[in-house]
Amino acid sequence: MEQIADPRIRRMIKEMPDLQAAAWNAYSPTLPTEERVPPDVLAAARRLAEQGRGPAAEELLRGHPALDQTPEALNALGLILQRQDRVEESFDAFMRAIAVHQAWEARLWFNMANGYIMRRDWSAAIEASRTATTLAPQSPGGWVNLLFALAKRGGRDELLAAVNAMDEAWPAARHDEEVRKVMETPIVSDTLSGTIRRHAEPRS
């Protein structure tokens, strides 16, 4: 385990068992190990968050000097803040992660869409999800959020257009379990049925 100078971090890590468990996300390949938050600290933060100890997890990450150079840690911080309903602060963490490493952009737009959904800001969730699907068209998360948010906003034509765009960008999408589940939820399936019926009705 990497030697950690900050006594607060050492104390918190000692409280956590199985610190060699997988971290929340894999390391970014572009940064030397010594310039990143190490995986044992990420694992400790994850465990603290899962135990409902969000403030302690936040302190653990914020106390590490490499936080702003580690997109994985900034992403984890954003998720921890979301769990505490601190959505605006979570957006800041996600945007800082994007600034560090553009390869994280699709995942972080997905996470920001989750934050907008928590706030029931459907228009912002739709825009964030569209960005995620553009950046990663064969990743389910962006499409799941996009379809759900469009259905919640009641955008029937937009929802059908999004499904068609998904089918074109990712022909196997409907075989994905997450996509299949969201399409089977009443809010999405009922909205799609209404769209299909309306488009099938003859014009008067």
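In the predicted model, S129 counts as buried, at 1% relative accessibility. This serine lies in helix α7, which comprises residues 122–135. A polar atom of the S129 side chain is placed 2.8 Å from the backbone oxygen of A125, a separation that falls within the 3.5 Å limit for a polar contact. Apart from residues up to four places away in sequence, S129 touches A113, G142, N145 and L146. Of these partners, G142, N145 and L146 belong to helix α8, which spans residues 140–153, and they are among the buried residues of α8.

A second view of this region is provided by F110, which is located in helix α6 (residues 105–118). F110 and S129 are 19 residues apart along the chain, and their C-alpha atoms are separated by 6.0 Å. The burial of the two residues is not alike: S129 is buried at 1% relative accessibility, whereas F110 counts as partly exposed at 26%. The latter value lies between the 20% and 50% cut-offs for buried and exposed residues. When neighbours within four places in sequence are set aside, F110 is in contact with A132, G141, G142 and N145. G142 and N145 thus appear in the contacts of F110 and also in those of S129.

The setting of these contacts is a protein of 11 helices and zero strands. From the N terminus on, the elements run α-α-α-α-α-α-α-α-α-α-α. Of the 204 residues, 48% count as buried. Among contacts with a separation of 6 or more, 56% are accounted for by residues 24 or more positions apart.

Helix α8 was examined next. It has 14 residues and reaches 20 Å from its first C-alpha to its last, close to the 20 Å expected at 1.5 Å a residue. Because 11 of its 14 residues are buried, α8 is largely enclosed by the rest of the structure. The buried residues are P140, G141, G142, W143, V144, N145, L146, L147, A149, L150 and A151. After the helix comes G154, whose phi is positive, near 85 degrees.

The packing of α8 against helix α9 (residues 156–169) is described by axes that come within 9 Å and cross at roughly 165 degrees. That angle makes α8 roughly antiparallel to α9, and the crossing of the two helices is left-handed. On the α8 side, the contact is formed by W143, L146, L147, L150, A151 and R153, which meet E158, L159, A162, V163, A165, M166 and A169 of α9. Of the α8 participants, W143, L146, L147, L150 and A151 are buried. L146 also touches S129. In an α-helix, residues three or four places apart point the same way, because there are 3.6 residues a turn.

Helix α4 (residues 71–83) and α6 have axes that come within 11 Å and cross at roughly 10 degrees; the two helices are therefore roughly parallel to each other. The contact is made by N75, L79 and Q82 of α4 and by R107, L108, N111, N114, G115 and M118 of α6. Helix α4 has 13 residues and reaches 18 Å from its first C-alpha to its last, close to the 18 Å expected at 1.5 Å a residue. It is mostly covered, with 11 of its 13 residues buried: P71, E72, A73, L74, N75, A76, L77, G78, I80, L81 and Q82. What covers these buried residues includes α2 (39–50), α3 (54–62), α5 and α6.

Two loop residues show backbone geometry of note. Most residues other than glycine have a negative phi. D85, just after α4, takes a positive phi of about 60 degrees and lies in the loop between α4 and α5 (87–100). D85 is exposed, with a relative accessible area of 61%. In the loop between α6 and α7, R120 likewise has a positive phi of about 60 degrees although it is not a glycine. R120 is exposed, with a relative accessible area of 55%.

How values were computed: Residues numbered from 1 in each chain as written. Predicted model: local features only at pLDDT ≥ 70, side-chain atom pairs only at ≥ 80, totals over all residues. Heavy atoms only, no water. Helix = DSSP H or I, 4+ residues; strand = E, 2+ residues; numbered from the N terminus. Expected span 1.5 Å × (residues − 1). Buried < 20%, exposed > 50% of the residue type's maximum accessible area, 1.4 Å probe, protein only. Polar contact = N/O pair within 3.5 Å; in protein donor to acceptor, adjacent residues only side chain to side chain. Contact = heavy atoms within 4.5 Å. Axes fitted to C-alpha atoms, helices over the stretch in contact; angles between N-to-C directions. Parallel < 35°, antiparallel > 145°, perpendicular 65-115°, else oblique. Left-handed = near helix turned anticlockwise from the far one by under 90°.
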